[in-house]
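Visitor: Please show me the structure. I have questions about its surface, its pocket and its charged pairs.

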Amino acid sequence: YGVHYVLNEAIKYAPSLAQADISKIRVGFRPVTFNHAPMFGPLPAHENVFIATGLGASGLNIGPYIGKQLAKIIKNEAPDIDLAAFSVEKIVQNKL
């Protein structure tokens, strides 16, 4: 797959992109956890530090939803989902 796949898919939706000049391509990491589940929430032993990572290739799709859940946690509101499977502490300590 990779960059060529993404470009070919984009051209399906915007055919004029086929005529575009590409001056630079950048790619990033797609981090995953050992169990392929994202982890998000407070970072243990670091007050007021929250993280969201491990989304892998689904980060662009699920990232906004995870961001919304993380915002609720930070504001001391109840998230929409059970966070046990996504616990930073449990995943970091490999306790799932």
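Visitor: Leaving aside its neighbours within four places in sequence, which residues is Arg30 in contact with?

Guide: This is a predicted model, where local features need pLDDT of at least 70, side-chain atom pairs count only at pLDDT 80 or more, and totals for chains, interfaces and linings use all residues. Residues are numbered from 1 along each chain as its sequence is written, and side-chain values use heavy atoms, with hydrogens and water left out. Contact means heavy atoms within 4.5 Å. Beyond its neighbours within four places, Arg30 touches Gly56 and Ala57.

Visitor: Is Arg30 buried or exposed?

Guide: Arg30 sits in the loop between H1 and S1. Buried means under 20% relative accessible area, exposed over 50%, and partly exposed in between (1.4 Å probe, protein chains only). Arg30 has 60% relative accessibility, so this residue is exposed.

Visitor: What distance separates the C-alpha atoms of Arg30 and Gly59?

Guide: Along the chain, Arg30 and Gly59 are 29 residues apart. In space, their C-alpha atoms are separated by 7.8 Å.

Visitor: Which residues are closest to the centre of the largest pocket?

Guide: A pocket is an open set of points on a 1 Å grid over the protein atoms alone, where a 1.4 Å probe fits, with protein on both sides within 12 Å along at least five of seven lines; lining residues have an atom within 4 Å of a point. The largest one holds about 390 Å³ of space. The lining numbers 19 residues, and the closest to the centre are Gly28, Phe29, Arg30, Ala57 and Leu60.

Visitor: Which helices and strands each supply at least two residues of that pocket's lining?

Guide: Helices (H or I, at least four residues) and strands (E, at least two) are DSSP runs, numbered from the N terminus. Those that each give at least two residues to the lining of the largest pocket are H1, strand S2 (50-53) and helix H2 (59-74).

Visitor: Which residues make the nonpolar surface patch?

Guide: Patch residues have over 30% relative accessible area and no salt bridge; like charges are joined within 9 Å, nonpolar side chains (Val, Leu, Ile, Met, Phe, Trp, Tyr) within 5 Å. Ile25 lies in the loop between helix H1 (2-13) and strand S1 (39-42), and is partly exposed at 48%. The patch covers about 390 Å² and is made by Leu7, Ile22, Ile25 and Val27.

Visitor: How many salt bridges are found in the whole structure?

Guide: Side chains of opposite charge can pair when their charged atoms come close. A salt bridge is a side-chain nitrogen of Lys or Arg within 4 Å of a carboxyl oxygen of Asp or Glu. The search of the whole structure gives three.

Visitor: How far apart are the closest N and O atoms of Glu9 and Lys12?

Guide: Glu9 and Lys12 are three residues apart in helix H1, so about one helical turn separates them. Glu9 is partly exposed at 22%, whereas Lys12 is exposed at 59%. Their salt bridge has its closest N and O atoms 2.8 Å apart.

Visitor: Which residue does Lys72 meet in a salt bridge?

Guide: Lys72 is buried, with a relative accessible area of 16%. The partner is partly exposed at 46%. The N to O distance is 2.8 Å, and that partner is Asp80.

Visitor: Which residue forms a salt bridge with Glu77?

Guide: Glu77 is partly exposed at 39%. The partner is exposed at 54%. The closest N and O atoms are 3.7 Å apart, and the partner is Lys75.

Key:
Areas by Shrake-Rupley, 256 points an atom, 1.4 Å probe, with all protein chains shown as cover. Points joined across faces, edges and corners; volume = space filled by probe spheres on them.
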